[in-house]
Amino acid sequence: MSSDLQIQYEQQRKKTVADSYSMSIGEIANLYEDGDLDVHPEFQRVFRWNDGQKSKLIESILLGIPLPSFFVSANEEGIWDVVDGVQRLSTIFSFLGIYKNENNELVEKLVLEETVQLPALKGLTVDDIPKDLMRTFKREKINVTIIKQESDAQTKYELFQRLNTNGSPLSDQEVRNCILLMENKDFYTKFIDMSKYENFQSVLSFNERLTDEKYDQEMLSRFIVFTQNKITTNDELRDLGRYLNRRMREAAATVDLQVLDAKFKKVFDKLYSVLGDDAFRRYQGGRYTGGFKLTLFEVLALGMGQLELSAIDAVSNQRLIDISQSLINNQDYINNTGSGKSASNRLKNLIELGKSLFNS
């Protein structure tokens with residue numbers, strides 16, 4: 001047992017290459033202004049602090065209270081992507097009046113709120129703080145740990161997940177989005193644009209909770225992954241989240257976005273035009289009932305997504321209706337759904353079932 005632990009330890013230690021530095025707030029601000037540090041303002045949709053939380057951070061720095069370490073990841077160009085500390089750094093830069101939004105526009109300087117130990121901060125901006133206090137503020141030291149580029153990509157993902165799910169719970173997809181943004185901004189932008197596509201949103205017909213948890217984007221991730229990759233064994237899907245992470249990173253580096261977008265729209269245009277918001281609801285007793293059913297998405301959307309564009313065009317409206325309404329009595333569907341059926345046991349079979357039904 002101890003030898004197994006030693007082997008695992010040595011393998012995992014090799015996957016992370018890191019250095020730590022102590023630098024002043026003034027130095028980190030200079031890196032940001034020079035474009036050598038990216039705090040990804042798009043992350044603000046995920047990590048949100050109110051002005052009270054921001055003011056408390058500024059108070060802590062002014063009082064010399066040490067901050068937790070910041071983690072950054074060096075990308076191919078040597079720019080530091082902030083892995084942990086996005087909100088803290090954006091707050092500092094907002095207070096200093098140098099923070100820019102995702103359109104590269106300067107945002108208004110942070111107006112501080114009253115804090116417990118320094119209530120006189122209320123209503124002040126950086127311009128109102130005495131110069132000697134600002135000198136002290138900029139000289140305060142922070143610790144930065146740099147995850148070097150040669151570190152394993154999955155290790156970076158897991159580090160981001162561990163560091164950023166302690167304070168505010170993030171869904172797997174929210175963490176995945178952050179990693180996609182750091183690795184390929186163009187792909188991330190296209191991904192978000194696709195997730196808002198009207199017919200895609202209409203056929204999912206999710207409630208507010210699922211939308212807030214980015215479950216629609218989770219479904220889009222699955223569509224991209226399972227229409228770009230052929231599943232060879234069920235064992236590949238034993239850890240579905242990890243599989244999606246790896247395949248989405250691969251897609252961000254290799255997928256032709258125009259081809260992907262064309263297939264995506266063709267599939268969901270057809271589903272919406274024929275079935276509307278009943279597309280992924282169970283058909284029983286002569287009508288569609290209930291809410292979104294994942295296994296129907298896997299058969300219909302992922303199965304159709306396996307086809308070539310011309311084959312998708314060839315699926316008649318009546319054929320789609322017949323498949324949708326007959327699945328409840330399809331023995332292959334029944335055998336692969338229901339309680340106790342894990343994703344690793346059902347996904348490959350249901351996607352292949354959908355493909356065969358649309359091809360027949």
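Biologist: Why is Lys-266 called partly exposed in this predicted model?

Modeller: The relative accessible area of Lys-266 is 25%. Partly exposed covers values between the limits of 20% and 50%, so Lys-266 belongs to that class.

Biologist: What makes Lys-266 and Asp-313 a salt bridge?

Modeller: The closest N and O atoms of Asp-313 and Lys-266 are 3.0 Å apart. The limit is 4 Å, and therefore the pair qualifies. It links distant parts of the chain, with Asp-313 in helix 15 (residues 309–314) and Lys-266 in helix 13 (residues 257–275), 47 residues apart. Asp-313 is also partly exposed, because its relative accessible area of 47% lies between 20% and 50%.

Biologist: How do you know that Lys-348 and Glu-352 form a salt bridge, and where do they lie?

Modeller: Their closest N and O atoms are 3.1 Å apart, and a salt bridge requires a distance within 4 Å, so the pair is counted. Both residues lie in helix 18 (residues 343–359), four residues apart, which is about one turn of the helix.

Biologist: Which of the words buried and partly exposed applies to Lys-348, and which to Glu-352?

Modeller: Lys-348 has a relative accessibility of 17%, which is under 20%, so Lys-348 counts as buried. Glu-352, at 34%, falls between 20% and 50% and is therefore partly exposed.

Biologist: What makes Asp-278 and Arg-281 a salt bridge, and how is each classed for accessibility?

Modeller: The closest N and O atoms of Asp-278 and Arg-281 are 3.3 Å apart, and this is within 4 Å, so the bridge is accepted. Asp-278 has a relative accessibility of 22% and counts as partly exposed, whereas Arg-281, with 18%, is buried. The boundary at 20% falls between these two values, and therefore the two residues receive these labels.

Biologist: How many salt bridges does the structure hold, and which residues are linked in a network of them?

Modeller: The structure holds 15 salt bridges. Arg-176, Glu-218, Arg-222, Glu-298 and Arg-346 are linked in a network.

Biologist: How many aromatic pairs are there, and why is the pair of Tyr-283 and Tyr-288 called by the name it has?

Modeller: There are 18 aromatic pairs. The ring centres of Tyr-283 and Tyr-288 are 4.9 Å apart, within the limit of 6.5 Å, and their planes stand at 65°, over 60 degrees, so the pair is edge-to-face. Tyr-288 is buried, because its relative accessible area of 17% is under 20%.

Biologist: Which residues do ring pairs link into a cluster?

Modeller: Among them are Tyr-197, Phe-200, Phe-264, Phe-280 and Phe-297.

Biologist: Where does Lys-293 lie, and why is it called partly exposed?

Modeller: Lys-293 is in the loop between strand 7 (287–289) and helix 14 (294–305). Its relative accessibility of 27% lies between 20% and 50%, so Lys-293 counts as partly exposed. Leaving aside residues up to four places away in sequence, Lys-293 touches Phe-280, Arg-282 and Tyr-333. The C-alpha atoms of Lys-293 and Phe-280 are separated by 5.5 Å, although the residues are 13 apart along the chain.

Biologist: What makes strand 5 mostly covered, and how does it pair with strand 3?

Modeller: Five of the seven residues of strand 5 (residues 141–147) are buried. Strand 3 (residues 70–74) and strand 5 pair in the parallel sense over four bridges. Within this pairing, Val-72 has Ile-146 in strand 5 as its bridge partner.

Terms used:
Residues are numbered from 1 along each chain as its sequence is written. This is a predicted model: local features need pLDDT of at least 70, side-chain atom pairs count only at pLDDT 80 or more; totals for chains, interfaces and linings use all residues. Side-chain values use heavy atoms; hydrogens and water are left out. Rings of Phe, Tyr and Trp (its six-membered ring) pair if their centres lie within 6.5 Å; planes under 30 degrees apart count as stacked, over 60 as edge-to-face and the rest as tilted. Buried means under 20% relative accessible area, exposed over 50%, partly exposed in between (1.4 Å probe, protein chains only). A salt bridge is a side-chain nitrogen of Lys or Arg within 4 Å of a carboxyl oxygen of Asp or Glu. Helices (H or I, at least four residues) and strands (E, at least two) are DSSP runs, numbered from the N terminus. Two strands pair if DSSP finds at least two bridges between them. Contact means heavy atoms within 4.5 Å.
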